[in-house]
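User: Please take a close look at the ligand site in this model. I would like the contacts, the lining and the empty space described in one connected account.

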Amino acid sequence: MLKEIQAATDFLSSKIKGSPEIGMITGTGLGNLTEKIEVDFRLPYKEIPHFPTSTTLGHKGTLVSGKLANRSVMAMEGRFHIYEGYTPQNITFPIRVMSNIGISRLFISSAAGGLDPQFRPGDLMIVTDHINLTGTNPLIGHNLEQFGPRFPDMLEVYDRDLIALAGKKALKAGIELRHGVYVGITGPSLETPAETRFLRMIGADAVGMSTVSEVIAGVHCGLKITVIVAITNVNNPDCMEKTSIEEVVATANTAGPKLADLWERIIGDLPE
Ligand code: HPA
């Protein structure tokens with residue numbers, strides 16, 4: 001694993017101009033997050049040594065490097081999921097590489113189903129904590145000591161200063177920003193009404209099929225992490241409605257510009 005991480009790092013380092021400080025991951029329908037980047041280079045994952053390749057609807061599968069709000073960023077346009085058959089170690093390979101390249105912050109966006117009945121499709125939620133219900137963990141196996149400890153602490157995963165900054169920026173921009181707990185599952189099947197009730201009872205406000213593995217690997221790498229999800233559908237166990245991937249992608253697309261605007265405002269005011 002380390003050899004492969006190093007090969008991808010060396011390959012990308014030879015192409016990068018500045019020194020990226022922020023890594024970004026975007027998912028389903030949220031591609032316009034990266035439209036605002038002044039691009040130095042954009043590469044399909046398949047051209048990067050050992051990178052997994054993305055297969056999911058609404059995911060581009062390219063890595064872009066450049067400047068956003070005058071800060072140096074690397075962004076993954078499209079991510080990998082456990083339901084595609086990847087291991088959590090595969091999924092988090094690019095995070096190891098970005099960490100090696102020198103990023104100190106990881107900004108993640110994804111689509112999620114709302115569990116709080118007050119939520120509406122198209123809402124944005126900043127993640128304050130998570131529950132890993134994927135049944136696995138990207139840190140299983142030999143510990144990569146170079147990156148972090150065997151038993152990383154998970155008390156304060158989501159950067160509190162950034163949660164406060166995001167709240168301020170959203171208020172100023174007139175964007176309603178929900179706060180809540182994200183529960184990660186593997187999918188690809190959606191939740192039954194009984195599962196939905198269970199997820200709500202254990203304390204989750206939104207559910208999704210990505211993000212938690214990425215966050216855990218990011219913590220292991222010592223990165224400051226911020227996650228904002230787009231609520232694409234709201235699941236109420238007492239009057240459950242069908243959820244289609246087309247609807248999820250369409251709602252994520254409509255939330256995309258609002259989310260991109262908020263990220264840009266946050267990055268524009270980021271502490272050094
Ligand atoms: N469940 C799980 N993942 C999701 C959902 C959902 O309802 N919506 C978007 N991603």
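Analyst: What follows starts at the ligand and works outward to the pocket, the cavity and two backbone details.

This is a predicted model. Which residues surround the ligand? The shell consists of A111, A112, G113, L190, E191, V207, G208, M209, T232, N233 and N235. By class, five of these shell residues are nonpolar, five are polar and one is charged.

Three polar contacts can be named. E191 places a polar side-chain atom 2.8 Å from a nitrogen atom of the ligand. G113 works through its backbone: a polar atom there is 3.3 Å from a ligand nitrogen. On the oxygen side, an N or O atom in the side chain of N235 sits 3.0 Å from an oxygen atom of the ligand. How much of the ligand does the protein bury? Taken alone, the ligand exposes 260 Å², and the protein buries 94% of that.

Next, the space itself. The ligand takes up the largest pocket. Three elements each give two or more residues to the shell around the ligand: β5 (105-114), β8 (206-208) and β9 (224-234). Of these, β5 gives the most, with three residues.

The largest pocket holds about 390 Å³ of space. It is lined by 25 residues, and those closest to its centre are A111, L190, M209, I245 and V248. Two or more lining residues come from each of β5, β8, β9 and α7 (245-268). Strand β5 again gives the most, here with four residues. The lining divides into 10 nonpolar, 13 polar and two charged residues. A111, L190 and M209 therefore appear in two lists: they are among the residues around the ligand, and they are among those closest to the pocket centre.Now the enclosed space. Rolling a probe the size of a water molecule over the atoms shows where empty space is left. How many cavities of 30 Å³ or more does a search of the whole structure find? The search finds one. About 70 Å³ of space lies in this largest cavity. Its lining has 13 residues, with I82, M209, S210, T211 and S213 nearest the centre. Helix α6 (residues 212-220) gives the most to that lining, with three residues. Six of the lining residues are nonpolar, six are polar and one is charged. M209 links the two spaces in this account: it is among the residues nearest the cavity centre, and it is among those closest to the centre of the largest pocket.

Two backbone details complete the picture. Most residues other than glycine have a negative phi, and most peptide bonds are trans. The peptide bond from G187 to P188 is cis, with omega near 0 degrees. P188 is in the loop between β7 (177-184) and α5 (193-201). The other detail is A69, which is not a glycine but has a positive phi of about 50 degrees. A69 belongs to the loop between β3 (62-68) and β4 (71-77).

Note on methods
Residues are numbered from 1 along each chain as its sequence is written. This is a predicted model: local features need pLDDT of at least 70, side-chain atom pairs count only at pLDDT 80 or more; totals for chains, interfaces and linings use all residues. Side-chain values use heavy atoms; hydrogens and water are left out. A residue is near a molecule or strand if one of its heavy atoms lies within 4 Å of it. A polar contact is a pair of N or O atoms within 3.5 Å; within protein, one must be able to donate a hydrogen and the other to accept it, and residues adjacent in sequence count only if both atoms are side-chain atoms. Accessible areas come from the Shrake-Rupley method with a 1.4 Å probe; for residues, only the protein chains shown count as cover. On a 1 Å grid over the protein atoms alone, a cavity is a set of points where a 1.4 Å probe fits but cannot get out, and a pocket is an open set with protein on both sides within 12 Å along at least five of seven lines; lining residues have an atom within 4 Å of a point. A molecule sits in a cavity or pocket if more than half of its atoms lie within 2 Å of its grid points. Ala, Val, Leu, Ile, Met, Phe, Trp, Tyr, Cys and Pro count as nonpolar, Asp, Glu, Lys and Arg as charged, and the others, Gly among them, as polar. Grid points are joined across faces, edges and corners, and a volume is the space filled by probe spheres set on the points.
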